[in-house]
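The following account leads the reader through one chain and the sheet at its centre of discussion. Please keep the sequence and the model in view while reading.

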Amino acid sequence: MAFERLSERLQAVFRQLSGRGKLGERDVDEALREVRRALLEADVHFRVVKEVLERIRARAVGEEVLSSLTPAQQVIRIVRDELTELMGGANQGIAFAPQPPTVILLCGLQGSGKTTTAAKLAFRLKQQGRRPHLVAGDLYRPAAVEQLQVLARQVGVPCHTGGPQAAGDAVEAAAQGVAAATEQGADAVLVDTAGRLQVDAEMMEELRRTRDRVKPHEVLLVLDAMTGQEALNVARAFQEEMELTGLVLTKTDGDARGGAALSARAVTGRPIKFVGTGERVEQLEPFHPDRMASRILGMGDVLTLIERAESAMDQKEAQRLTERIREAHFTLEDFLEQLRQVRKMGPMDEILGMLPGLPGGAGSLKGLQVDERELGRVEAIIQSMTPQERRNPQIIDGSRRRRIARGSGTQVQDVNRLLKQFEQTRTLLRQVAGAPLGAGRKASGG
Ligand code: GDP
């Protein structure tokens with residue numbers, strides 16, 4: 001996960017600070033030195049580090065903070081605010097044109113994830129009820145057009161590859177594609193372009209000509225987060241030539257440092273609009289600087305978690321489950337369904353990393369290998385039960401337990417453990433459902 005190490009370092013600094021009670025200027029300076037070191041280690045550009053620390057210090061040694069009852073918390077809040085600002089403040093999504101279609105040009109180096117991102121964006125827009133079309137403009141890499149076509153089929157959106165008149169001319173192919181998409185009623189057109197291994201004049205020239213022909217409303221630069229500082233050099237070069245409107249940072253799932261995400265905005269003056277978090281088409285998320293800053297500081301990112309749950313869960317199914325819990329009809333079948341819904345939200349360790357208040361933040365999850373196989377086992381056990389057993393687990397005696405274990409390729413102890421877990425969950429759910437509104441809140445300590 002991006003920011004893992006930075007997150008750990010910063011949280012350690014603040015844990016120490018929080019243990020101090022009253023803070024003096026010297027304590028703050030010492031903590032900020034550590035923050036500085038952590039940011040540099042995370043590959044944030046040194047000039048950016050310098051600037052942001054000056055701002056943090058100016059606010060943190062202020063009268064109000066040091067004399068407050070909770071100075072450490074105040075300092076943490078200031079760091080969060082400044083990191084948020086650094087990453088661009090509020091979230092900025094696609095700026096849609098007043099008159100459809102909105103044309104979005106994607107550029108970037110070869111391998112940065114342009115083609116994948118085009119498909120991911122199309123998927124997102126389609127989910128939002130829009131009518132996106134894809135246009136292939138990368139005619140050099142032989143497999144690129146085909147790759148886009150495969151992805152387009154997977155996402156279920158039309159893909160234009162330029163007719164015979166384009167004859168290998170990328171600019172012409174892009175222009176024809178946009179025209180065809182417009183004619184067919186697209187309200188968003190995503191144009192994939194050719195990248196090179198390095199920034200070169202020929203590529204820029206072609207991109208400029210493409211831009212002048214298709215007149216995009218958005219020019220998004222796709223950057224590979226794993227290349228760190230190099231990504232920023234690329235960003236600067238593109239920004240000089242192309243008047244970018246925003247950035248997409250890909251492969252943040254493989255980048256433990258996160259320095260590019262932290263400095264890209266400051267270096268280019270352009271907002272990161274989306275981040276890629278994996279290879280699958282649904283693994284693209286809007287970039288929210290404030291949520292990201294909270295996550296880095298171990299304050300969790302509950303909003304993203306809720307959004308993910310909402311898009312993963314079948315609303316009707318969620319409603320049905322809630323009702324069944326209320327009526328105390330919660331069966332092993334429901335348990336299994338609930339498990340499946342949670343799994344759709346993504347890998348367990350990623351979900352847990354977004355929860356606030358884990359002691360030590362996301363770092364504490366290191367030792368906790370959430371075993372996806374364990375979930376698979378639970379699924380197998382429940383599936384080996386008869387429908388009657390799933391609805392009335394109390395009838396599952398010793399011989400049934402042995403049969404279920406055999407059928408699911410597990411041990412009797414596994415079956416026992418699952419039944420116990422289920423009983424506990426059911427008891428808990430009954431208490432929650434039966435409790436008067438608001439009572440649960442008190443119990444959890446607010
Ligand atoms: P292009 O040359 O810029 O069009 O790059 P591609 O779209 O072909 O992507 C290059 C590789 O990066 C492919 O293997 C993608 O699956 C992978 N990729 C793209 N985005 C992400 C991401 O967010 N996370 C991960 N892990 N891989 C990604």
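Two residues are taken to be in contact if their C-beta atoms, placed from the backbone, lie within 7 Å. On that basis, and leaving aside neighbours within four places in sequence, Glu241 is in contact with Met204 and Arg208. The model is a predicted one, and this applies to every feature described below.

Glu241 lies in helix α10. With 16 other C-beta atoms within 10 Å, Glu241 counts as partly exposed, because the partly exposed class falls between 12 or fewer such atoms, which is exposed, and 20 or more, which is buried. Glu241 and Ser7 are separated by 234 residues in sequence and by 35 Å in space, C-alpha to C-alpha.

For the chain as a whole, the secondary structure comes to 21 helices and 8 strands. Of the 446 residues, 40% are buried. Among contacts with a separation of 6 or more, 73% are between residues 24 or more positions apart.

The strands can now be placed in order. An open sheet of 8 strands runs β3-β2-β4-β1-β5-β6-β7-β8, and its pairing is mixed. Strands β3 (159-160) and β8 (284-286) stand at the edges; each has a single partner strand, so one side of each is left without a neighbour in the sheet. 

Helices pack on this sheet. Helix α6 touches β1, β2 (132-135), β4 (188-192), β5, β6, β7 (272-276) and β8, and its direction makes about 170 degrees with that of β4. Helix α9 (residues 201-214) also packs on the sheet, where it touches β1, β4 and β5; the direction of α9 makes about 175 degrees with that of β1.

Strand β5 (residues 218-224) deserves a closer reading. Buried residues account for 7 of its 7 positions. In a regular strand the side chains alternate between the two faces of the sheet. In β5, Glu218, Leu220, Val222 and Asp224 lie on one side and Val219, Leu221 and Leu223 on the other, and both faces are covered. 

What pairs with β5, and in which sense? Strand β1 (residues 102-107) pairs with β5 in the parallel sense over 4 bridges, and Leu106 stands opposite Leu220 of β5. Strand β6 (residues 246-250) pairs with β5 over 5 bridges, again in the parallel sense. Within that pairing, Leu220 has Gly246 of β6 as its bridge partner, while Asp224 has Thr250. Between β5 and β6 the chain passes through helix α10 (residues 229-242), and this β-α-β crossover is right-handed.

Strand β2 offers a second view of the sheet. Pro132 and Leu134 on one side of β2, and His133 and Val135 on the other, are all buried. The strand runs parallel to β4, to which 4 bridges join it, and His133 stands opposite Val189 in β4. Strand β2 also runs parallel to β3, with 2 bridges joining the pair; there, Leu134 has Cys159 as its bridge partner.

Several backbone features lie in the loops. A cis peptide bond, with omega of about 0 degrees, joins Pro100 and Pro101; Pro101 is found in the loop between α5 (71-86) and β1. Glu243, in the loop between α10 and β6, has a positive phi of about 45 degrees although it is not a glycine. Lys251, in the loop between β6 and α11 (259-268), likewise is not a glycine and has a positive phi, of about 60 degrees. Is each of these two residues buried or exposed? Glu243 is exposed, with 11 other C-beta atoms within 10 Å, whereas Lys251 is buried, with 23.

The ligand remains to be considered. Of the 17 residues around it, Gly113, Lys114, Thr115, Thr116 and Gly276 come nearest. Helix α6 (residues 114-127) supplies the largest share of this shell, 3 residues. By class, the shell holds 13 polar and 4 charged residues and no nonpolar ones. Helix α6 is thus named twice in this account: as a contributor to the shell around the ligand, and as a helix that packs on the sheet.

Definitions and conventions
Residues are numbered from 1 along each chain as its sequence is written. This is a predicted model: local features need pLDDT of at least 70, side-chain atom pairs count only at pLDDT 80 or more; totals for chains, interfaces and linings use all residues. A residue is near a molecule or strand if its C-beta atom, placed from the backbone, lies within 6 Å of it. Ala, Val, Leu, Ile, Met, Phe, Trp, Tyr, Cys and Pro count as nonpolar, Asp, Glu, Lys and Arg as charged, and the others, Gly among them, as polar. Two strands pair if DSSP finds at least two bridges between them. A crossover is right-handed if, with the strands pointing away from the viewer, the path from the first strand over the helix to the second runs clockwise. Axes are lines fitted to C-alpha atoms, for helices over the stretch in contact, and angles run from 0 to 180 degrees between N-to-C directions.
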